[in-house]
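Reader: Could you walk me through this one, core first and then the pockets?

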Amino acid sequence: IGHLGVFSFNGNKIITTGGGGMIVTHDEKIARKARYLTTQAKNDHIRFIHHEIGYNYRLTNLQAALGLAQLEEIEKFIRTKKRNYLLYKKELDKIPGLKIADVQDNIRPNFWFYPLLVEKSEFGLDREELMQRLQKRNILTRPLWYLNHWQRPYRKNQSYHIEKAVWFWKRILNIPCSSNLKEQHVRYVIKNILKARG
């Protein structure tokens, strides 16, 4: 989709190199520009002359080796994450006011996160209250990322309203999703979501 794609290998992703990422493109001009910017944008490698702001964003050989080893396991990770997603969906969608996000039939997701929609009018708690009660039970959950147009550096750049993003931000809670989670861990989270309601 588009002229380039970006993959993150941050520590919380399906596969990781400990950090960094990858740009993919079919456009050789874009590839050259990306290599130039990610290797410090040096126009003269001997005298260290830079005509643009560059970055040192290359993966080390050790990071790349770690990523390749993880890549060999990706199908296993996705099977585990899909199994956990389906269990969460089956059990939590039964509870009024809770719904795990649906997955479209025409895509193959990696089930990175499990976004849980929490409707206070039906469930009795809002996203924030549920998050706090689970925290007291040592279950770490997170809201959606704070919206970009609310971030201080971008507040003056916003020129239109984003009502759906705000609506979802107020209601979505990302529940535990590690590929290390076993079925009993998922059932423990489900049980404590029910207990949290009181």
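Author: What follows is a short set of questions and answers on packing, pockets and strands. This is a predicted model, where local features need pLDDT of at least 70, side-chain atom pairs count only at pLDDT 80 or more, and totals for chains, interfaces and linings use all residues. Residues are numbered from 1 along each chain as its sequence is written, and side-chain values use heavy atoms, with hydrogens and water left out.

Reader: Which element supplies the largest share of the largest nonpolar core?

Author: A nonpolar core here is a set of buried Ala, Val, Leu, Ile, Met, Phe, Trp, Tyr and Cys residues joined through side-chain atoms within 4.5 Å, and buried means under 20% relative accessible area, exposed over 50%, partly exposed in between (1.4 Å probe, protein chains only). This core has 26 residues, with Y88, L92, L116, L130 and I193 touching the most other members. At least two residues each come from α3 (74–92), β5 (98–100), β6 (114–118), α5 (127–136), β8 (172–175) and α7 (183–197); helices (H or I, at least four residues) and strands (E, at least two) are DSSP runs numbered from the N terminus. The largest share, five residues, is that of α7.

Reader: And which residues does I193 touch, leaving out those up to four places away in sequence?

Author: I193 is among the core members that touch the most others. Counting contact as heavy atoms within 4.5 Å, its partners are L92, L98, L116, F123, L130, L134 and I175.

Reader: Which element gives the most to the lining of the second largest pocket?

Author: A pocket is an open set of points on a 1 Å grid over the protein atoms alone, where a 1.4 Å probe fits, with protein on both sides within 12 Å along at least five of seven lines, and lining residues have an atom within 4 Å of a point. The second largest one holds about 660 Å³ of space, and of its 25 lining residues, N12, W112, F113, C177 and S178 lie nearest the centre. Two or more lining residues come from each of α3, β7 (142–143) and β8. The top contributor, with four residues, is α3.

Reader: What about the largest pocket: what is its volume?

Author: Its lining has 28 residues, and F7, F9, G21, M22 and I23 are the closest to the centre. The largest share of that lining, five residues, comes from α2. With grid points joined across faces, edges and corners, and volume taken as the space filled by probe spheres set on the points, the value is about 900 Å³.

Reader: Back to β8: which residue stands opposite P115 there?

Author: Strands pair if DSSP finds at least two bridges between them. β6 and β8 do so in the antiparallel sense over four bridges, while β7 and β8, also antiparallel, are joined by two. On the β7 side, R142 has N174 as its bridge partner. The residue opposite P115 is likewise N174.

Reader: Is L144 buried, partly exposed or exposed?

Author: L144 sits in the loop between β7 and α6 (163–171). Leaving out residues up to four places away in sequence, L144 touches R127, F168, W169, I172 and N174; of these, I172 and N174 are buried on one side of β8. L144 has a relative accessible area of 25%, so it counts as partly exposed.
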